[in-house]
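Let's take a walk through this chain together, one part at a time. Have the sequence and the 3D view open as you read.

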Amino acid sequence: MGLFDGLREVLGIRAEADATRKADPEDLFGMSTAYITMEAELGYEAVGEAALCFSEVDSADFADVMDEVHEILEVGAEETGTETEARTDDYGYSWVILRDSDFEDLVTSLNFAADTLMERGYGSRLLAALFAFERDGQKAYWVYSFRRGAYYPLVPKGTSDRDSSAEFKLESNLDGELDLEENKEYWYALLPSSPGKHPWE
């Protein structure tokens with residue numbers, strides 16, 4: 001699916017050079033109202049999972065930062081019940097995966113993780129945040145690109161295609177509620193490796 005090349009080019013070097021606005025972890029809170037629109041108006045249910053994708057740095061300082069992120073997420077989990085998992089995919093990209101039936105907890109936890117990385121000087125390593133939804137067995141995502149400072153919809157169709165019509169409908173319904181990526185060249189398809197799975201699985 002070309003994940004490595006695509007992420008490097010679209011969410012990485014080229015997107016950074018072409019960035020239209022500075023990314024801000026506070027943008028993630030836009031999903032706190034957008035998910036209500038997804039459920040009430042479009043029939044997409046939040047599946048209780050979200051993920052942060054980033055590229056690691058081989059340094060003791062970065063390892064310390066990630067330890068801090070996971071430690072505080074684990075402490076927060078005692079209050080919110082949010083489950084946290086760390087995973088590295090086949091292309092070497094790292095994921096912090098969160099699971100919680102309370103969507104607000106997912107948003108808050110992702111914001112914390114992203115904000116911590118940015119405050120500690122690793123904002124350039126952040127690639128994307130994904131929020132998962134489902135309708136009639138079809139998964140859909142809102143992807144926040146940290147290199148572009150904007151959201152775009154992603155509706156995978158299997159492992160090598162996407163449902164463009166569904167994506168355009170999501171775009172039209174959430175335009176104005178989320179800061180959307182206008183240049184569809186940057187709507188990169190973070191497709192799953194297996195049908196029905198999430199991109200981070």
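Which side chain meets that of K184 in a salt bridge? The partner is E171, with N and O 3.1 Å apart. This pair links distant parts of the chain, since K184 lies in the segment after α5 (164–174) while E171 belongs to helix α5 itself, 13 residues away. With a relative accessible area of 38%, K184 is partly exposed. E171, by contrast, has a relative accessible area of 17% and is therefore buried, the cut-off being under 20%. Please keep in mind that you are looking at a predicted model.

With that pair in view, let's step back to the whole chain. Its secondary structure comes to five helices and eight strands. Following the sequence, you meet them in the order α-α-β-α-β-β-α-β-β-β-β-β-α. Of the 201 residues in the chain, 50% are buried. The accessible surface comes to about 9,100 Å², and carbon and sulfur atoms account for 44% of that surface. If you take the contacts between residues at least 6 apart in sequence, 69% of them join residues at least 24 apart.

A good place to go next is strand β4 (residues 126–135). Eight of the ten residues in β4 are buried, so the strand is largely enclosed by the rest of the structure. Strand β1 (residues 45–54) pairs with β4 in the antiparallel sense, over seven bridges. You can find one end of that pairing at F54, whose bridge partner in β4 is L126. β4 also pairs with strand β5 (residues 138–145), again in the antiparallel sense, and here there are eight bridges. R135 has Q138 as its bridge partner in β5. As a general point for reading such strands, side chains in a regular strand alternate between the two faces of the sheet.

Now follow the chain from β4 into β5. The two strands form a hairpin with two residues between them. D136 sits in this loop, and its phi is near 50°, a positive value in a residue other than glycine. Is D136 buried or exposed? Its relative accessibility is 79%, so D136 counts as exposed.

Strand β3 (residues 94–99) brings us to W95. Because its relative accessibility is 2%, W95 counts as buried. Leaving aside residues up to four places away in sequence, W95 touches a set of residues from several stretches of the chain: A51, L52, C53, F54, E85, A86, R87, D89, L130, P199 and W200. F54, which you met as the bridge partner of L126, is one of these contacts. The C-alpha atom of W95 is also 9.8 Å from that of E56, a residue 39 places away along the chain.

E85, another of the residues that W95 touches, leads us back to charged side chains. Side chains of opposite charge can pair when their charged atoms come close. E85 forms a salt bridge with R99, and the closest N and O atoms are 2.9 Å apart. The pair links distant parts of the chain, with E85 in strand β2 (residues 83–88) and R99 in strand β3, 14 residues apart. E85 counts as partly exposed because its relative accessibility is 22%, and R99 is partly exposed as well, at 23%. Both belong to a network of salt bridges that links E49, E85, R87 and R99. In total, the structure holds nine salt bridges. Another of them joins the side chains of E167 and R162, at 2.9 Å from N to O, and both of these residues are buried.

Our last stop is helix α4 (residues 103–119). Its 17 residues reach 24 Å from the first C-alpha to the last, close to the 24 Å expected at 1.5 Å a residue. At the start of α4, a side-chain oxygen of D102 reaches to within 3.0 Å of the backbone nitrogen of E104. Among the buried residues of α4 are F103, L106, V107, L110, A113, A114 and L117. What covers the buried residues of this helix includes α2 (31–40), β1, α3 (60–80), β3 and β4. Just after α4, G121 takes a positive phi of about 90°.

Conventions. Residues are numbered from 1 along each chain as its sequence is written. This is a predicted model: local features need pLDDT of at least 70, side-chain atom pairs count only at pLDDT 80 or more; totals for chains, interfaces and linings use all residues. Side-chain values use heavy atoms; hydrogens and water are left out. Helices (H or I, at least four residues) and strands (E, at least two) are DSSP runs, numbered from the N terminus. Buried means under 20% relative accessible area, exposed over 50%, partly exposed in between (1.4 Å probe, protein chains only). Contact means heavy atoms within 4.5 Å. Two strands pair if DSSP finds at least two bridges between them. Accessible areas come from the Shrake-Rupley method with a 1.4 Å probe; for residues, only the protein chains shown count as cover. The expected span of a helix is 1.5 Å times one less than its number of residues. A polar contact is a pair of N or O atoms within 3.5 Å; within protein, one must be able to donate a hydrogen and the other to accept it, and residues adjacent in sequence count only if both atoms are side-chain atoms. A salt bridge is a side-chain nitrogen of Lys or Arg within 4 Å of a carboxyl oxygen of Asp or Glu.
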